[in-house]
Amino acid sequence: MKDGGLMRMYSSKPKRKVDFKKLRPMILERINNRAKDYPIKAMIPVAEDVLKARVLLIQGVYTLLQFVPLWACKFCPEVYIGEKGHLIKTCGGYRHRAKNQQHEWVKGSLKDIIVPVKTFHLKNMFQNVIEHQDRFDFDRVPAVVELCLQAGAFQYDESLFSRHLNFDTDVNSFVGDATLSVEDQRFVARGTLSAWETVKSGLQKLLLAYPTKVCEHCSEVHVGPSGHRARLCGVFKYQSWRGTHFWKKAAVDDLVPPKVVWFRRPQDPPLLLNTCREFYGHAPAVVDLCVKAGAIPPSKYLCMMKMQGLSAPVSKLAVVED
């Protein structure tokens, strides 16, 4: 058959079938040899810097909370940093059964700002996939720590290795210094903000080299080439909270949630009102805490904080909240 003056030629020879029995040993050998490429030597200093910065971040936030008030909603994950909780109606209620309700504020804690994200601790990056019935045989550790340990951080120092694994259990033993001067608080705030940026930038580099997964329907994180098979998702009601996770590539915010909060600017009223919510800015909770303690915010946050934005008109400020 001619098509534009060209003759189509079809091969009469049958296609050769692939013998997977011969390829199987080669595939298994290649899978086993993957472990020889890890940890990547160039990434070991990055992982160690992230772990050190994480310790400074937790200690700095804990210290600043002795001087800056933190409020957490009783019925939703919302937090606010300030003398009093705001009046913005964004509460979804317990298990999201309500909508646009006013928050009921209680005293917040460290975990309300630095949200704990834990994952299974693997002895070997390329070990067998964790099955549902084996999930209790593996410890749960912070996802940031697991990623850094798989990247080779402190692998030859057993004391530092175990210290970072058990660090979160020792957080409650910190003793805050209630006698810090304003200048000392500002110094701690600068160091804490710097540690926050070091953790975020370091994780961004590590995620480019080490596979990390997060579930599409919940906050479960797994550090490794493939996700585990523990049926703990419960995205569908008929699964009775024992569904299989749907894995995708994780981002930095999946390991270190930014916990974005309402940010009160100098031009805003002392109490944020619901009628003026479109004028207010936002900021990650750690950034807001450090700014209120005297640190200068990085320029990349100024847009979402609306630092140069207009203040609410007097007519809206005069409206009495329901």
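This report describes the fold, the nonpolar cores, one pocket and several individual residues of a predicted model.

**Overall architecture**

The protein has 322 residues, of which 42% count as buried. Its secondary structure consists of 10 helices and 12 strands. Among contacts with a separation of 6 or more, 71% join residues 24 or more positions apart.

**Nonpolar cores**

In soluble globular proteins, nonpolar side chains tend to be buried together. In this model, the largest nonpolar core holds 61 residues, and the members that touch the most other members are Ile113, Leu203, Leu206 and Leu255. Helix H2 (residues 44-64) gives this core its largest share, 10 residues. Leu203 shows how distant parts of the chain meet: leaving aside residues up to four places away in sequence, Leu203 is in contact with Val50, Val144, Leu147, Val252, Leu255 and Val256. A second core, separate from this one, has 14 residues, including Cys76, Cys91, Leu272 and Ala312.

**Helix H6 and Thr192**

Thr192 is part of helix H6, which spans residues 182-209. Thr192 counts as buried because its relative accessibility is 1%, below the 20% cut-off. The side chain of Thr192 lies 2.7 Å from the backbone oxygen of Val188. An α-helix has 3.6 residues a turn, so residues three or four places apart point the same way. Beyond residues up to four places away in sequence, Thr192 touches Leu57, Gly60, Val61, Leu64, Val286 and Cys290.

**Helix H8**

Two of the names just listed recur in helix H8, where Ala285, Val286, Val287, Asp288, Leu289, Cys290 and Val291 are buried. Seven of the eight residues of H8 are buried, so this helix is largely enclosed by the rest of the structure. Just after H8, Gly294 adopts a positive phi of about 120 degrees.

**The second largest pocket**

Rolling a probe the size of a water molecule over the atoms shows where empty space is left. The second largest pocket contains about 350 Å³ of space. Its lining is made up of 20 residues, and those nearest the pocket centre are Ile81, Gly82, Glu83, Arg264 and Lys292. Strand E4 (79-81), H6 and helix H8 (285-292) each contribute at least two residues to this lining. Sorted by class, the lining comprises 13 nonpolar, two polar and five charged residues.

**Lysines with positive phi**

Which lysine in the loop between helix H7 and strand E11 has a positive phi? The residue is Lys259, with a phi near 50 degrees, in the loop that joins helix H7 (252-255) to strand E11 (260-263). Lys306 likewise has a positive phi, of about 55 degrees, without being a glycine. The table sets out the location and accessibility of these two residues.

| Residue | Phi | Loop | Relative accessibility |
|---|---|---|---|
| Lys259 | near 50 degrees | between H7 (252-255) and E11 (260-263) | 18%, buried |
| Lys306 | about 55 degrees | between H9 (302-305) and H10 (314-317) | 33%, partly exposed |

Lys259 counts as buried because its relative accessibility is 18%, which is under the 20% limit. Lys306 counts as partly exposed because its value is 33%, and that class lies between 20% and 50%.

Note on methods:
Residues are numbered from 1 along each chain as its sequence is written. This is a predicted model: local features need pLDDT of at least 70, side-chain atom pairs count only at pLDDT 80 or more; totals for chains, interfaces and linings use all residues. Side-chain values use heavy atoms; hydrogens and water are left out. Helices (H or I, at least four residues) and strands (E, at least two) are DSSP runs, numbered from the N terminus. Buried means under 20% relative accessible area, exposed over 50%, partly exposed in between (1.4 Å probe, protein chains only). A polar contact is a pair of N or O atoms within 3.5 Å; within protein, one must be able to donate a hydrogen and the other to accept it, and residues adjacent in sequence count only if both atoms are side-chain atoms. Contact means heavy atoms within 4.5 Å. A nonpolar core is a set of buried Ala, Val, Leu, Ile, Met, Phe, Trp, Tyr and Cys residues joined through side-chain atoms within 4.5 Å. On a 1 Å grid over the protein atoms alone, a cavity is a set of points where a 1.4 Å probe fits but cannot get out, and a pocket is an open set with protein on both sides within 12 Å along at least five of seven lines; lining residues have an atom within 4 Å of a point. Grid points are joined across faces, edges and corners, and a volume is the space filled by probe spheres set on the points. Ala, Val, Leu, Ile, Met, Phe, Trp, Tyr, Cys and Pro count as nonpolar, Asp, Glu, Lys and Arg as charged, and the others, Gly among them, as polar.
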